[in-house]
Amino acid sequence: MASNEVATLDPTKIPRHVAIIMDGNGRWAQQRGLPRLAGHRAGTENIRRLLENCVEFGIQYVTLYAFSTENWGRPPEEVRGLMGILENVIERELDELDSKGVQLRHLGRLEGLAPALQSKIKEAIQRTAGNSRLVVCVALNYGGRAEIVDAIRRIIREGVPPEQIDEALVGQHMYAPDIPDPDLIIRTAGESRLSNFLLWEAAYAEYYVTPTYWPDFDGSELRRALLAYGQRHRRFGQLK
Ligand code: IPE
Ligand code: IPE
Ligand code: MG
């Protein structure tokens, strides 16, 4: 057992909200000589296990980056395949997630998605609205810049005078204003970038990158991320 696996997690230092950039599905598949879609399938399989681990560790909010506004630029077969996989995963997992007390939320532009997928997402949100064990936000057709643009449009439509616009008001116009900002952002597959994820909300998040590809990111990997988080000193620009 690696030394950090025997180290104990301090329950007072568990992040309330963990956001994950689930990257590396394509490379995971490539490494095995499989088509990229097999990687996306394996990636969605991993979500169930990850959510169970989150509950065990006492995390209250999880945000999963599933499809970015830039991912539309991928080859049409991959986009189509991915959308199908995401639709299936909601259909397949909804009962179980609901029975386990998971509340599902969506971050992103719903109107850009296929009507069938839109109705599955709406159904999932409605059915799980009363659950509170774990809140899971799925960022699907999500872009951090698009979210800020959407907030600006709504603020202008509401006719808010410029001098009344402050950080709190902008925050209230984001996709999920009732959810606390992420404390920890995990990115799998080694890249050190945000790729347009939670630009507004991530202002003071701690950032953790692992080379592990998303389909292989398991409970012990999550534990390592939480241990690293527990050793950070969050100063928020101040001295203590
Ligand atoms: C992440 O895996 C899933 C999505 C972006 C939809 P990738 O498909 O980006 O996998 P890599 O980065 O090509 O390995
Ligand atoms: C970020 O991964 C988006 C998701 C995980 C959904 P990408 O694979 O799209 O990011 P880049 O292209 O490496 O920046
Ligand atoms: Mg990628």
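The largest pocket of this predicted model has a volume of about 880 Å³, and of the 41 residues that line this pocket, the closest to its centre are Met-22, Tyr-65, Ala-66, Phe-67 and Leu-86. Several elements contribute to the wall: helix H2 (25-31), helix H3 (36-57), strand E2, helix H4 (76-99), strand E3, helix H5 (115-128) and strand E4 each supply at least two residues of the lining. Among these contributors, H3 provides the largest share of the lining, with seven residues.

Enclosed space is a separate matter from this open pocket. A search of the whole structure finds one cavity of 30 Å³ or more, and the volume of the largest cavity is about 90 Å³. Its lining is made up of 13 residues, of which His-17, Leu-107, Ala-176, Leu-198 and Glu-201 lie nearest the centre of the cavity.

The strands named above belong to a sheet, and the sheet gives the frame for what follows. Six strands form an open sheet in the order E3-E4-E2-E1-E5-E6, with parallel pairing. At its edges stand strand E3 (102-107) and strand E6, each of which pairs on one side only, and from one strand to the next the twist averages 20°. Within the sheet, E2 and E4 pair in the parallel sense over seven bridges, and Tyr-61 has Val-135 in E4 as its bridge partner. Helix H8 (residues 219-230) packs on the sheet, where it touches E5 and E6, and the direction of H8 makes about 140° with that of E5.

Tyr-65, already met as one of the residues closest to the centre of the largest pocket, also leads into the aromatic contacts. A pair of aromatic rings is described by the distance of the centres and the angle of the planes. Counting rings whose centres lie within 6.5 Å, the model holds seven aromatic pairs. In one of them, Tyr-65 and Tyr-142 meet edge-to-face, at 5.9 Å centre to centre and with 80° between the planes. Because Tyr-65 lies in strand E2 (residues 61-68) and Tyr-142 in strand E4 (residues 134-142), this pair ties together parts that are 77 residues apart in sequence. Tyr-65 and Tyr-142 are both buried.

How are the rings of Tyr-65 and Phe-197 arranged, stacked or edge-to-face? Their centres are 4.4 Å apart and their planes stand at 15°, so the pair is stacked, given that planes under 30 degrees apart count as stacked. Here Tyr-65 in strand E2 meets Phe-197 in the loop between strand E5 (184-187) and strand E6 (206-209), so the pair ties together parts that are 132 residues apart in sequence. Tyr-65 and Phe-197 are both buried, and together with Tyr-142 and Tyr-175 they form one aromatic cluster.

Two asparagines complete the picture through their backbone geometry. Asn-141, which lies in strand E4, has a positive phi of about 60° although it is not a glycine; with a relative accessibility of 5%, Asn-141 counts as buried, because the limit for that class is under 20% relative accessible area. Asn-196, placed in the loop between E5 and E6, likewise is not a glycine and yet has a positive phi, of about 70°. The relative accessible area of Asn-196 is 13%, so this residue is buried.

How values were computed
Residues numbered from 1 in each chain as written. Chains lettered and ligands numbered in written order. Predicted model: local features only at pLDDT ≥ 70, side-chain atom pairs only at ≥ 80, totals over all residues. Heavy atoms only, no water. Phe/Tyr/Trp six-rings, centres within 6.5 Å; stacked < 30°, edge-to-face > 60°. Helix = DSSP H or I, 4+ residues; strand = E, 2+ residues; numbered from the N terminus. Buried < 20%, exposed > 50% of the residue type's maximum accessible area, 1.4 Å probe, protein only. Pairing = 2+ DSSP bridges. Axes fitted to C-alpha atoms, helices over the stretch in contact; angles between N-to-C directions. Contact = heavy atoms within 4.5 Å. 1 Å grid on protein atoms, 1.4 Å probe; cavity = no way out; pocket = protein on both sides within 12 Å on 5 of 7 lines; lining within 4 Å. Points joined across faces, edges and corners; volume = space filled by probe spheres on them.
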